[in-house]
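Hello,

Here is the structure I said I would pass on. My notes follow below it.

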Amino acid sequence: MPVPVVPYSEVDVLIIGAGPAGLMCANALANARVNVRVVDKRAVKVAAGQADGISPRTIEVFQSYGIAERLIRESVQVHQAAFYNPSSSGGIELTSRAPDVTAPSARYPFEVALHQGAIESIFLDSMTALGVEVERSTVPISIEISKDENELMDPASHPVRVTLQRLDVPEDQSQEEIVHAKYVVGTDGAHSWVRKQFDIPMEGEQSEFIWGVLDMVPDTDFPDVRNKSLVHSNHGSVLLVPREEDRIRVYMQLEDKDIINPATGRVDKERMGPEEMLEVARRSLYPYKLIPTTGILWWTLYIIGQRVASSFSIKNRVFIAGDACHTHSPKAGQGMNASMNDAHNLAWKIALLVRGWAEPSLLSTYESERRKYALDLIAFDKMFSTLFSGKPLTEENSHGVAPEHFMKTFQKFGGFTSGIGVHYNPSVAVLDRNQELASGLVIGERFPPYKFIRAADAWPFEIQDLLPSDFRFKLLVFTGDFSDPLQQARVKSMVANMQKPASFLNRYATPGKSSGNPRFDIITISKGRKEGFDLLQFPTLLRSHWSKVFIDDTDITSSFGGRGYSYYGVGPEGVLVAVRPDGYVGAIAPLDHVEELDAYFASFMKISA
C-alpha cells in the first residue's frame with residue numbers, strides 16, 4: 001500500500017484555535033486581505049455556554065470592523081447592577097443599585113451578554129464573506145522556528161514550520177500537511193499546545209475560590225433578575241447576569257469539601273452536578289425562589305487561576321493570545337474581552353509587516369502593551385475576586401466585606417473593566433509628547449467618541465466611525481478656525497511641509513500609485529458654522545474627497561455637537577493627531593511641527609520597496 005504524499009503549503013499567518021481570540025484575529029487579517037488560515041481541533045463550533053459578557057470597549061471594536069450592529073441586535077444590554085447583602089431576617093436584601101458601566105466616555109454605556117457560540121457566529125459569517133473558513137478537526141503535531149537569523153529577519157520568508165494532522169480523514173489518504181508560515185498565532189486556550197511547545201511558563205497562582213456556573217430560563221420572584229446582580233449572603237456569593245431569550249447565567253461560590261476529591265486534590269465534577277449547584281445558589285438567594293423552567297441549559301465548574309505567561313511571543317514570529325497567555329476569574333467579565341482585544345492589538349501589526357510596511361520592532365509592542373494589561377488585569381481580578389468571594393460584613397463577622405466598600409470598588413475600576421481606560425505605555429507605536437495640545441485625547445488610549453457635522457451635507461457622524469479598523473493610520477487635522485487669516489496661514493504652511501518629499505506622506509507613499517496613500521487617511525475637523533461654511537476653501541490635501549471635511553458644530557436640530565474642540569482639549573491653534581489602526585492615539589503634534597510625526601512614523605515604518 002503506497003504511503004500518501006505529505007502535502008506542503010505556505011501561508012502568511014496560521015492561527016491555531018478558533019475561539020473568540022482566534023476568530024477576532026482571523027477576521028481582522030481577512031479584512032486586511034492577508035493570506036490567513038485558522039485551524040481548530042473541535043469538529044463543530046461552540047453551541048452553548050462558555051463566555052458571554054462583552055464590555056463597552058469591545059463593542060466599539062466590533063463596530064470598527066462593521067459587526068457591532070448584529071452583536072447588539074442579538075444580545076441583551078446590561079445597564080444596571082444591583083447589590084444584595086445579608087438581611088436581619090437571615091436572607092438577603094437589596095442594598096443599592098448603580099450603573100453597570102462607570103466610564104463617562106463610553107460610546108456604548110452598557111455591557112452586552114450573548115453566549116459565546118453566537119459571538120463566534122458573527123465572526124464566522126464575516127470571515128466567510130471574505131473567503132476564510134475554519135478548518136475543523138485539525139490539530140498541530142509539531143512546530144519549529146528556523147534558527148537562521150537571516151531568514152528570521154527576511155520579511156518575505158516563511159520561517160515557522162508546522163505539521164498539521166486532520167482527524168477526520170480516512171487512513172488511506174494523507175492525514176498530515178506541512179505548513180510554512182510567516183507568522184503563527186496560538187489562540188488555543190488555557191492549556192495552549194503552542195505555549196507548551198516553547199516551554200513558556202504561566203506565572204501566578206491558583207486561587208482558593210471554586211465557582212460553578214448554570215445557564216437557565218428561570219421562574220423566580222427575585223426582583224433584579226434582569227439586572228446584573230452581585231449577591232453577598234451568609235451562605236456564599238452569587239452573581240446573576242441576564243441573557244438572551246429570557247435566560248440568565250448564575251455564578252455561585254462552592255465549598256472545597258463539596259467539590260475537591262481529597263485523594264487527588266483536584267476538582268471532581270462527579271461530586272457536584274447541576275442539581276447540587278442549583279441548591280447552593282438557592283441557599284444564597286433565600287428568601288427568593290429560583291426554578292429552571294426548561295432544565296439546566298449548560299453548566300460547568302472551575303477553580304480560578306490567575307496567571308500570566310512569561311512571554312507572549314517567540315522571535316516575533318510565533319505569538320500567543322487570549323487564554324493561552326492569561327487566565328483569571330469571570331467575575332469582572334474580562335476573559336473574552338481581554339482575549340479579543342489581544343487579537344485586535346496584534347492583527348494590524350502583523351498585517352503591516354506582511355505588507356512590507358513596518359519593521360519587526362512594531363511587533364514587539366504587542367507583548368509590551370498586552371502583557372502589561374494582563375498583569376494589571378490579574379491584580380484587579382485578585383482584589384475583586386477576594387472582595388466578591390469574601391464573607392459579608394455582619395455583626396458576627398466584623399472583618400467581612402462592607403457593602404459600600406464593594407460597590408465603591410466596582411465603580412472605581414469602571415474605566416478598567418469597561419476597557420475604556422486601557423492605557424498603552426510609550427513605545428515605537430506610542431509617542432508620549434505634546435499631551436497638553438489635546439488634553440482630552442490621552443496618548444496611548446483609545447480615541448473617545450464625539451459627533452461632528454460633515455461639511456458637505458450637514459450629516460452628523462460619530463468620529464469613531466471615521467476610524468474603522470481598515471489598517472490605515474488616521475491623521476486628524478484640527479485646523480482651528482480657517483476663516484482667521486493667521487490660522488489659515490498656519491494650516492497652509494503645515495500642508496506645504498506635509499507635501500515635501502521627506503515628509504512621511506511622501507516617504508511612505510506606494511510607488512506608481514498617484515492617488516492617495518494607502519497607509520494614511522486624512523480627516524479634517526474645522527471650527528465654523530455649517531450655514532456659511534465652504535469646504536472648497538481648504539487645500540486639496542485636506543479634502544481628498546468631499547466626505548473628508550467636518551465641522552465642530554451642532555446638528556441641524558441643535559440637539560448635540562459643537563463642543564468637540566473643548567471636549568478634546570484642543571485650543572484655537574489646532575493640532576495634528578495620529579490615530580493607530582486599532583483606534584488608539586499614537587502621537588500628537590502642533591501644526592507647525594510636522595517633523596514630529598515624521599519622526600514617529602520613521603520609528604517603525606518601512607519605505608515601500
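Which strands does helix α16 lie across? Helix α16 (residues 595-602) lies across β24 (473-480), β25, β27 (575-579) and β28, and runs at about 150° to β28. Please keep in mind that this is a predicted model.

The sheet itself is open and has seven strands, ordered β23-β22-β26-β25-β24-β27-β28, with mixed pairing. Its edge strands, each paired on one side only, are β23 (460-462) and β28 (585-589). From one strand to the next the twist averages 30°. Within the sheet, β25 (residues 520-526) pairs with β26 (residues 549-551) in the parallel sense, over three bridges. Ile525 stands opposite Phe550 of β26.

On cysteines: a search of the whole structure finds zero disulfides. For Cys25, the closest cysteine sulfur is in Cys325, and at 12 Å it is too far for a bond, because a disulfide needs the two sulfur atoms within 2.5 Å. Cys325 is likewise in no disulfide, its nearest cysteine sulfur being that of Cys25. Cys25 is buried, at 1% relative accessible area, and Cys325 is buried too, at 0%.

The last item is Asp154, in the loop between α5 (149-153) and β10 (160-166). Asp154 has 33% relative accessibility, so it counts as partly exposed. The side chain of Asp154 reaches the backbone nitrogen of Ala156 at 2.9 Å. Asp154 and Phe471 are 317 residues apart in sequence, and their C-alpha atoms are 22 Å apart in space.

Regards

Technical notes:
Residues are numbered from 1 along each chain as its sequence is written. This is a predicted model: local features need pLDDT of at least 70, side-chain atom pairs count only at pLDDT 80 or more; totals for chains, interfaces and linings use all residues. Side-chain values use heavy atoms; hydrogens and water are left out. Helices (H or I, at least four residues) and strands (E, at least two) are DSSP runs, numbered from the N terminus. Buried means under 20% relative accessible area, exposed over 50%, partly exposed in between (1.4 Å probe, protein chains only). A polar contact is a pair of N or O atoms within 3.5 Å; within protein, one must be able to donate a hydrogen and the other to accept it, and residues adjacent in sequence count only if both atoms are side-chain atoms. Two strands pair if DSSP finds at least two bridges between them. Axes are lines fitted to C-alpha atoms, for helices over the stretch in contact, and angles run from 0 to 180 degrees between N-to-C directions. Contact means heavy atoms within 4.5 Å.
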